[in-house]
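Visitor: I am new to this structure and would like to know how its descriptions are justified. Could you show it to me and take my questions one at a time?

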Amino acid sequence: MTNYGYEKLVAELKNLKEVQRPNIVVEIDVARSHGDLKENAEYHAAREKQAFIEARINELGLMLANAQVIDPSTLPHDKISFGSSVKILNLDTDKEFIYTLVGSMESNPSQGLISVSSPIAKALMGKKQGDEVSIMLPNGENEFEILEVFYKDIVF
(Lines give C-alpha, C1' and ligand atoms only; values in the text may rest on other atoms or scores of the structure.)
Protein backbone atom coordinates (compact mmCIF):
# COMPACT_ATOMS: atom_id res chain seq x y z
CA MET A 1 0.00 0.00 0.00
CA THR A 2 1.01 3.61 -0.38
CA ASN A 3 1.90 5.87 2.54
CA TYR A 4 -1.50 7.54 1.97
CA GLY A 5 -3.30 4.25 2.60
CA TYR A 6 -1.15 3.44 5.61
CA GLU A 7 -1.78 6.84 7.20
CA LYS A 8 -5.50 6.51 6.47
CA LEU A 9 -5.64 3.19 8.35
CA VAL A 10 -3.55 4.57 11.22
CA ALA A 11 -5.99 7.51 11.54
CA GLU A 12 -8.99 5.16 11.56
CA LEU A 13 -7.37 2.96 14.22
CA LYS A 14 -6.56 5.99 16.37
CA ASN A 15 -10.16 7.22 16.10
CA LEU A 16 -11.52 3.81 17.07
CA LYS A 17 -9.22 3.51 20.09
CA GLU A 18 -9.34 7.09 21.35
CA VAL A 19 -12.87 8.22 20.45
CA GLN A 20 -15.20 5.34 19.54
CA ARG A 21 -14.10 2.86 22.22
CA PRO A 22 -14.47 5.31 25.17
CA ASN A 23 -17.82 6.55 23.81
CA ILE A 24 -19.27 3.06 23.58
CA VAL A 25 -18.25 2.31 27.17
CA VAL A 26 -20.28 5.35 28.26
CA GLU A 27 -23.23 4.24 26.10
CA ILE A 28 -23.16 0.78 27.70
CA ASP A 29 -23.09 2.29 31.22
CA VAL A 30 -26.04 4.55 30.41
CA ALA A 31 -28.01 1.68 28.88
CA ARG A 32 -27.17 -0.58 31.84
CA SER A 33 -28.63 2.02 34.23
CA HIS A 34 -32.01 1.69 32.52
CA GLY A 35 -32.73 -1.60 34.26
CA ASP A 36 -33.34 -5.20 33.22
CA LEU A 37 -30.65 -6.17 30.69
CA LYS A 38 -32.66 -9.03 29.16
CA GLU A 39 -35.19 -6.67 27.58
CA ASN A 40 -32.96 -3.62 27.19
CA ALA A 41 -32.59 -2.93 23.45
CA GLU A 42 -30.22 0.02 24.02
CA TYR A 43 -27.85 -2.18 26.00
CA HIS A 44 -27.83 -4.94 23.38
CA ALA A 45 -27.31 -2.43 20.55
CA ALA A 46 -24.41 -0.81 22.42
CA ARG A 47 -22.80 -4.21 23.10
CA GLU A 48 -23.15 -5.12 19.42
CA LYS A 49 -21.53 -1.83 18.43
CA GLN A 50 -18.74 -2.50 20.93
CA ALA A 51 -18.11 -5.91 19.37
CA PHE A 52 -17.92 -4.31 15.92
CA ILE A 53 -15.45 -1.68 17.15
CA GLU A 54 -13.22 -4.28 18.81
CA ALA A 55 -13.28 -6.47 15.70
CA ARG A 56 -12.33 -3.52 13.49
CA ILE A 57 -9.50 -2.55 15.88
CA ASN A 58 -8.15 -6.11 15.65
CA GLU A 59 -8.54 -6.16 11.85
CA LEU A 60 -6.73 -2.84 11.43
CA GLY A 61 -3.99 -3.90 13.84
CA LEU A 62 -3.32 -7.00 11.75
CA MET A 63 -3.40 -5.07 8.48
CA LEU A 64 -0.95 -2.47 9.76
CA ALA A 65 1.36 -5.11 11.25
CA ASN A 66 1.53 -6.90 7.89
CA ALA A 67 1.47 -3.83 5.65
CA GLN A 68 4.19 -3.26 3.12
CA VAL A 69 4.40 0.48 2.40
CA ILE A 70 5.72 1.33 -1.03
CA ASP A 71 6.67 4.83 -2.11
CA PRO A 72 5.38 5.06 -5.70
CA SER A 73 7.42 8.22 -6.30
CA THR A 74 10.55 6.04 -6.40
CA LEU A 75 9.13 3.78 -9.11
CA PRO A 76 9.47 4.47 -12.83
CA HIS A 77 6.20 5.56 -14.43
CA ASP A 78 7.04 5.12 -18.10
CA LYS A 79 4.68 2.13 -17.96
CA ILE A 80 1.58 1.79 -15.79
CA SER A 81 2.39 0.19 -12.44
CA PHE A 82 1.44 0.45 -8.77
CA GLY A 83 1.09 4.12 -7.83
CA SER A 84 0.88 5.34 -11.42
CA SER A 85 -1.76 7.82 -12.44
CA VAL A 86 -3.16 7.36 -15.90
CA LYS A 87 -5.34 9.45 -18.18
CA ILE A 88 -7.36 7.29 -20.54
CA LEU A 89 -9.84 8.03 -23.30
CA ASN A 90 -12.85 5.79 -23.90
CA LEU A 91 -12.78 5.50 -27.69
CA ASP A 92 -16.47 4.52 -27.76
CA THR A 93 -17.77 7.55 -25.81
CA ASP A 94 -14.89 10.08 -26.13
CA LYS A 95 -14.89 10.47 -22.31
CA GLU A 96 -11.59 10.95 -20.49
CA PHE A 97 -10.85 9.40 -17.10
CA ILE A 98 -7.95 9.82 -14.69
CA TYR A 99 -7.19 6.95 -12.30
CA THR A 100 -4.44 6.27 -9.79
CA LEU A 101 -3.61 2.62 -9.09
CA VAL A 102 -3.42 1.92 -5.35
CA GLY A 103 -3.71 -0.97 -2.89
CA SER A 104 -7.11 -2.55 -2.29
CA MET A 105 -7.49 -1.03 1.20
CA GLU A 106 -7.05 2.51 -0.07
CA SER A 107 -9.14 2.40 -3.22
CA ASN A 108 -11.88 5.01 -3.58
CA PRO A 109 -13.25 5.09 -7.13
CA SER A 110 -15.14 8.35 -6.54
CA GLN A 111 -11.74 10.00 -5.97
CA GLY A 112 -10.15 8.22 -8.92
CA LEU A 113 -8.25 5.75 -6.71
CA ILE A 114 -8.70 2.23 -8.08
CA SER A 115 -7.36 -1.02 -6.69
CA VAL A 116 -4.53 -2.70 -8.58
CA SER A 117 -6.65 -5.85 -8.45
CA SER A 118 -9.62 -4.21 -10.22
CA PRO A 119 -10.40 -5.29 -13.81
CA ILE A 120 -9.52 -1.83 -15.18
CA ALA A 121 -6.15 -1.73 -13.37
CA LYS A 122 -5.30 -5.29 -14.39
CA ALA A 123 -5.95 -4.43 -18.03
CA LEU A 124 -3.83 -1.26 -17.80
CA MET A 125 -0.80 -2.72 -15.96
CA GLY A 126 2.37 -2.65 -18.01
CA LYS A 127 0.88 -0.50 -20.78
CA LYS A 128 2.36 2.85 -21.81
CA GLN A 129 1.26 6.14 -23.32
CA GLY A 130 -0.23 5.68 -26.78
CA ASP A 131 -1.26 2.06 -26.23
CA GLU A 132 -4.83 1.00 -26.83
CA VAL A 133 -6.46 -1.50 -24.52
CA SER A 134 -9.75 -3.37 -24.45
CA ILE A 135 -11.40 -3.53 -21.01
CA MET A 136 -14.44 -5.58 -20.07
CA LEU A 137 -16.85 -3.37 -18.12
CA PRO A 138 -20.39 -4.04 -16.87
CA ASN A 139 -21.80 -2.50 -20.08
CA GLY A 140 -19.59 -4.68 -22.26
CA GLU A 141 -16.15 -4.46 -23.79
CA ASN A 142 -14.79 -0.93 -24.23
CA GLU A 143 -11.73 0.32 -26.09
CA PHE A 144 -9.47 2.86 -24.38
CA GLU A 145 -6.42 4.83 -25.45
CA ILE A 146 -3.81 5.66 -22.85
CA LEU A 147 -3.22 9.40 -23.17
CA GLU A 148 -0.75 9.91 -20.34
CA VAL A 149 1.05 7.98 -17.59
CA PHE A 150 2.37 10.04 -14.70
CA TYR A 151 2.89 10.17 -10.94
CA LYS A 152 1.01 12.42 -8.55
CA ASP A 153 0.98 12.49 -4.77
CA ILE A 154 -2.13 11.24 -3.02
CA VAL A 155 -3.27 13.38 -0.11
CA PHE A 156 -6.17 13.04 2.28
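Guide: Gladly! Let us start with a term: a residue is called buried if its relative accessible area is under 20%, exposed if it is over 50%, and partly exposed in between. Please keep in mind that this is a predicted model.

Visitor: Why does Arg56 count as buried?

Guide: Its relative accessibility is 17%. The cut-off for buried is under 20%, so Arg56 counts as buried.

Visitor: And what makes Glu12 partly exposed?

Guide: Glu12 has a relative accessible area of 29%. Partly exposed covers the range between the 20% and 50% limits, so that is the word for Glu12.

Visitor: How do you know that the side chains of Glu12 and Arg56 meet in a salt bridge?

Guide: A salt bridge needs a side-chain nitrogen of Lys or Arg within 4 Å of a carboxyl oxygen of Asp or Glu. For Glu12 and Arg56 the N to O distance is 2.8 Å, so the pair passes the test. Glu12 belongs to helix α1 (residues 3-32) and Arg56 to helix α2 (residues 41-66), so this salt bridge ties together parts that are 44 residues apart in sequence.

Visitor: What makes Glu12, Arg56 and Glu59 a network?

Guide: Salt bridges link the three residues. Besides the pair of Glu12 and Arg56, Glu59 forms a salt bridge with Arg56, their closest N and O atoms being 2.9 Å apart. Glu59 and Arg56 both lie in helix α2, three residues apart, which is about one turn of the helix. Glu59 counts as partly exposed, at 40% relative accessibility.

Visitor: Why are Lys49 and Glu27 said to meet in a salt bridge?

Guide: Their N to O distance is 3.6 Å, and the limit is 4 Å, so they qualify. This pair links distant parts of the chain, with Lys49 in helix α2 and Glu27 in helix α1, 22 residues apart. Both are partly exposed: Lys49 at 37% relative accessibility and Glu27 at 36%. The structure holds six salt bridges.

Visitor: What does the UniProt record say about residues 1-69?

Guide: An unreviewed UniProt entry places the feature "domain: Transcription elongation factor GreA/GreB N-terminal" there. The span is 81% helix and 0% strand, and its end C-alpha atoms lie 5 Å apart. For residues 76-149, UniProt gives "domain: Transcription elongation factor GreA/GreB C-terminal", again from an unreviewed entry. That span is 8% helix and 43% strand, with end C-alpha atoms 10 Å apart.

Visitor: How do you know that β1 and β2 pair?

Guide: Two strands pair if there are at least two bridges between them. Strand β1 (residues 85-90) and strand β2 (residues 96-102) are joined by five bridges, so they pair, and they run antiparallel. Val86 has Tyr99 as its bridge partner in β2, and Ser85 stands opposite Thr100. The two strands form a hairpin with five residues between them, and Asp94 in the turn has a positive phi of about 60 degrees.

Visitor: What joins β2 to β3?

Guide: Three bridges do, and β2 and strand β3 (residues 113-115) run parallel. Leu101 stands opposite Ile114 in β3.

Visitor: Why are β3 and β4 called edge strands?

Guide: Each of them pairs on one side only. The open sheet has five strands in the order β3-β2-β1-β5-β4, with mixed pairing. Ignoring direction, neighbouring strands are turned by 45 degrees against each other on average.

Visitor: Which residues have the most contacts inside the largest nonpolar core?

Guide: They are Ile80, Val86, Ile88, Leu124, Ile135 and Ile146, in a core of 15 residues. Two or more residues each come from β1, β2, α3 (119-124), β4 (132-137) and β5 (140-150). The largest share, four residues, comes from α3. In soluble globular proteins, nonpolar side chains tend to be buried together. Apart from this core lies another of 14 residues, among them Leu9, Ile28, Ala31 and Ile53.

Visitor: What is Ile135 in contact with, leaving aside its neighbours within four places in sequence?

Guide: The contacts of Ile135 are Pro119, Ile120, Ala123, Leu124, Gly140, Glu141, Asn142 and Phe144.

Terms used. Residues numbered from 1 in each chain as written. Predicted model: local features only at pLDDT ≥ 70, side-chain atom pairs only at ≥ 80, totals over all residues. Heavy atoms only, no water. Core = buried A, V, L, I, M, F, W, Y, C linked by side-chain atoms within 4.5 Å. Buried < 20%, exposed > 50% of the residue type's maximum accessible area, 1.4 Å probe, protein only. Contact = heavy atoms within 4.5 Å. UniProt positions renumbered as here; feature names shortened; annotations may be inferred. Axes fitted to C-alpha atoms, helices over the stretch in contact; angles between N-to-C directions.
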